[in-house]
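Here are my notes on the sheet and the helices packed on it. Please read them with the model open.

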Amino acid sequence: MADLPIALTCGEPAGIGPELAEMAWQELRTDGPEFFLIGDADHLPGNVPHTRIDDPTEVADTFPNALPVLHQDFGAPRRPGTPDPIHAKGVINAIERAVFLAQSGQAAGLCTLPIHKKALKDGAGFAFPGHTEFLGHLGNVDNVVMMLASPLLRVVPVTIHIALSDVPKALTPDLLEDTIRITHEGLKRDFGLSAPRLAIAGLNPHAGEGGVMGREDMDLIAPVLEKLTQEGLNLRGPLPADTMFHARARESYDAAICMYHDQALIPIKALDFDRGVNVTLGLPFVRTSPDHGTAFDIAGKGLANPASTLEALRLAAKMGAARKEA
């Protein structure tokens with residue numbers, strides 16, 4: 001467990017975030033990792049005890065007996081299932097505060113509960129596509145990488161939230177090279193792997209089969225892999241994506257680099273849906289998040305599953321410890 005606690009941001013109050021914070025504390029209170037919630041304490045369901053703290057140094061004494069909350073007044077009550085734009089500034093401030101605490105050495109990293117981008121835009125003119133881009137802005141970095149990680153598999157999509165028809169033109173040698181480099185360095189710094197092994201999926205069926213099913217694998221992907229392999233990176237590919245994810249294949253690599261969203265996310269969600277964690281690589285601080293949304297349809301009903309949040313908190317602590325030892 002990391003010496004410093006993890007900052008857990010509240011996310012969208014109308015979603016399942018407040019419930020997940022309480023469930024996570026109930027599960028982790030005896031053996032950690034220790035964390036504190038940044039948000040409005042009045043939004044908590046009240047199923048577990050909580051204590052308002054003034055700074056993260058109070059977490060160690062508070063955590064065994066109550067959920068520590070770095071309180072922010074959001075100005076309006078929580079209505080499960082119904083987002084209120086008046087909460088937007090509070091949600092954004094919680095993220096900014098968590099980043100400050102991580103960068104100033106007061107938190108080992110941050111774990112972010114799901115936000116609702118429309119509510120943030122309506123209430124505060126939020127100009128970023130999502131969490132990841134906002135965190136890149138706060139960390140003053142141009143390029144970051146989204147990894148989905150579980151105990152069974154780590155995957156990285158090179159292109160993310162774009163139409164499948166747009167993938168070939170969005171997939172450039174520079175983007176692929178940057179993604180591989182950031183993933184390689186992230187696995188070394190945040191996961192403690194001295195020589196990461198990366199499996200690179202082809203874009204086309206059978207990785208193009210020698211150009212018969214498309215030339216991107218030969219003309220775009222292969223040259224990038226050859227260049228980086230000559231630099232000493234341990235890369236395999238381009239590989240047929242349909243044979244990369246069975247149990248024996250997964251033993252041969254530490255992470256899979258995939259060319260588009262579903263190529264990466266379908267296998268991890270099929271293999272380990274509840275324990276998937278969203279990790280942002282390339283930031284100057286540790287960031288994880290549960291791999292699901294706000295779940296307005298079940299908010300306030302006691303149906304939330306904390307498995308992904310628990311894995312995200314545990315992974316943030318491990319990553320924080322790895323950075324400390326690096």
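1. First, a term. Two strands count as paired if DSSP finds at least two bridges between them. The model is predicted. Strand 6 (residues 145–149) and strand 11 (residues 277–281) are antiparallel partners, joined by 5 bridges. Within strand 11, T280 sits opposite M146.

2. Now the whole sheet. It is open, has 12 strands, and its pairing is mixed. The strand order reads 3-4-2-1-5-12-11-6-7-10-8-9. Strand 3 (50–53) and strand 9 (234–239) are the edges. Each has a single partner strand, so one side of each lacks a neighbour in the sheet. From one strand to the next, the twist averages 25 degrees.

3. Which strands does strand 1 pair with? Strand 1 runs parallel to strand 2, with 4 bridges between them. Strand 1 also runs parallel to strand 5, again through 4 bridges. T9 has I38 of strand 2 as its bridge partner, while A7 stands opposite L110 in strand 5.

4. Check the side chains of strand 1. I6 and L8 point one way, A7 and T9 the other. All are buried.

5. The connection from strand 1 to strand 2 passes through helix 1 (residues 17–28). This β-α-β crossover is right-handed.

6. Two helices deserve a look. Helix 5 (residues 131–138) packs on the sheet and touches strand 5 (109–112), strand 11 and strand 12 (287–290). Its direction makes about 165 degrees with that of strand 12. Helix 11 (residues 307–325) lies across several strands, among them strand 1 (6–9), strand 2 (35–39) and strand 6. Helix 11 runs at about 170 degrees to strand 12.

Methods: Residues are numbered from 1 along each chain as its sequence is written. This is a predicted model: local features need pLDDT of at least 70, side-chain atom pairs count only at pLDDT 80 or more; totals for chains, interfaces and linings use all residues. Side-chain values use heavy atoms; hydrogens and water are left out. Helices (H or I, at least four residues) and strands (E, at least two) are DSSP runs, numbered from the N terminus. Axes are lines fitted to C-alpha atoms, for helices over the stretch in contact, and angles run from 0 to 180 degrees between N-to-C directions. Contact means heavy atoms within 4.5 Å. Buried means under 20% relative accessible area, exposed over 50%, partly exposed in between (1.4 Å probe, protein chains only). A crossover is right-handed if, with the strands pointing away from the viewer, the path from the first strand over the helix to the second runs clockwise.
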